[in-house]
Amino acid sequence: MPTRPVKNPLGVPLAKPVDEVPAGALATLRRKARDCHACPLWRYGTQTVFGQGPSSASVMLIGEQPGLHEDREGVPFVGPAGQLLDRALGEAGLDRAMLYLTNTVKHFKYEMRGTAKLHKRANAAEQAACRMWLAAELLRVKPKLVVGLGAMAAQTMFGNTFRITAERGVWRPLGEGTQGLATWHPSAVLRMPEEEKRHQAFDELVADLRAVAGALEELG
């Protein structure tokens, strides 16, 4: 577990390595990312799903990868998981319009099951290839608070030993002036088979987001 700010050679507040960071403002980065062929996932997705939100947002939420609804609309967190996230944000007192939302991986990956496209987790090489876009977003937005939703985002931020089940909701230094924490991904909450566990995980997600709201208030 990191006890000091994460130090990346390129100044990116991520524990996992980044080999290059594309240049440009967010609008330029979004345009460049549309044509990214750094890994095979561009063949899967309808379009690149880049981050969305104010360029000066104090809070960045990082998810894992787009799903079917995000792939169709080109916007992060618009499917069932996004609806659950919106409910959690509302209960925590956070305004989605004031946050920057993005994903660790920018393309939808799936496998066909009959005529259905079923979500498939991006592998390590695909995550590594896409990390430059997340790094660029972090360096352009410069959020003070970063929230990793789910294991993929959490381990990108804090390293492979990080476990949501044991370490969620704990603030950790990421970079100079930046704090991060990790919590449940909304889709993980939805997938939990037992109703009691779903309620508990949702309550924990809301509690962690309330901690973000409190930290945001302290920032003024």
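Two strands are said to pair if DSSP finds at least two bridges between them, and this predicted model offers a clear case in strands β6 and β7. Strand β6, spanning residues 172–175, and strand β7, spanning residues 178–183, meet that condition with three bridges and run in the antiparallel sense. At one end of the pairing Gly 175 stands opposite Thr 178 in β7, while Arg 172 stands opposite Gly 180, which also belongs to β7. Two residues lie between the strands of this hairpin, and Gly 177 takes a positive phi near 75° there.

The hairpin is part of a wider arrangement. Five strands form an open sheet in the order β2-β1-β5-β7-β6, with mixed pairing. Its edges are formed by β2, residues 100–103, and by β6, each of which pairs on one side only. From one strand to the next, the twist averages 30°. Strands of a sheet pair through backbone hydrogen bonds, in either the parallel or the antiparallel sense.

From the sheet we can turn to the helices. Two packed helices are described by the angle between their axes and the distance between the axes. Helix α1, residues 26–34, and helix α4, residues 124–141, have axes that come within 10 Å and cross at roughly 170°. Since angles over 145 degrees count as roughly antiparallel, α1 and α4 are therefore roughly antiparallel to each other. On the α1 side the contact is made by Leu 26, Leu 29, Lys 32 and Ala 33, and on the α4 side by Trp 133, Ala 136, Glu 137, Arg 140 and Val 141. Sorted by class, this contact of α1 with α4 has six nonpolar and three charged residues, with no polar ones.

Ala 33 and Trp 133, both named in that contact, also help to line the largest cavity. The count comes to one cavity of 30 Å³ or more, and the largest cavity holds about 80 Å³ of space. Besides these two residues, its lining includes Cys 36, Ala 38, Cys 39, Leu 41, Trp 42, Thr 48, Val 105, Lys 106, His 107 and Cys 130. The lining residues divide into nine nonpolar, two polar and one charged.

The largest pocket, finally, has a volume of about 520 Å³. Among the 22 residues that line the pocket, Gln 65, Gly 67, His 119, Ser 187 and Arg 191 are the closest to its centre. The elements giving two or more residues to this lining are α2 (68–73), α3 (80–92), β4 (116–119) and α7 (186–191). By class, the pocket lining has nine nonpolar, eight polar and five charged residues.

Methods: Residues are numbered from 1 along each chain as its sequence is written. This is a predicted model: local features need pLDDT of at least 70, side-chain atom pairs count only at pLDDT 80 or more; totals for chains, interfaces and linings use all residues. Side-chain values use heavy atoms; hydrogens and water are left out. Helices (H or I, at least four residues) and strands (E, at least two) are DSSP runs, numbered from the N terminus. Axes are lines fitted to C-alpha atoms, for helices over the stretch in contact, and angles run from 0 to 180 degrees between N-to-C directions. Angles under 35 degrees count as roughly parallel, over 145 as roughly antiparallel, 65 to 115 as roughly perpendicular and the rest as oblique. Contact means heavy atoms within 4.5 Å. Ala, Val, Leu, Ile, Met, Phe, Trp, Tyr, Cys and Pro count as nonpolar, Asp, Glu, Lys and Arg as charged, and the others, Gly among them, as polar. On a 1 Å grid over the protein atoms alone, a cavity is a set of points where a 1.4 Å probe fits but cannot get out, and a pocket is an open set with protein on both sides within 12 Å along at least five of seven lines; lining residues have an atom within 4 Å of a point. Grid points are joined across faces, edges and corners, and a volume is the space filled by probe spheres set on the points.
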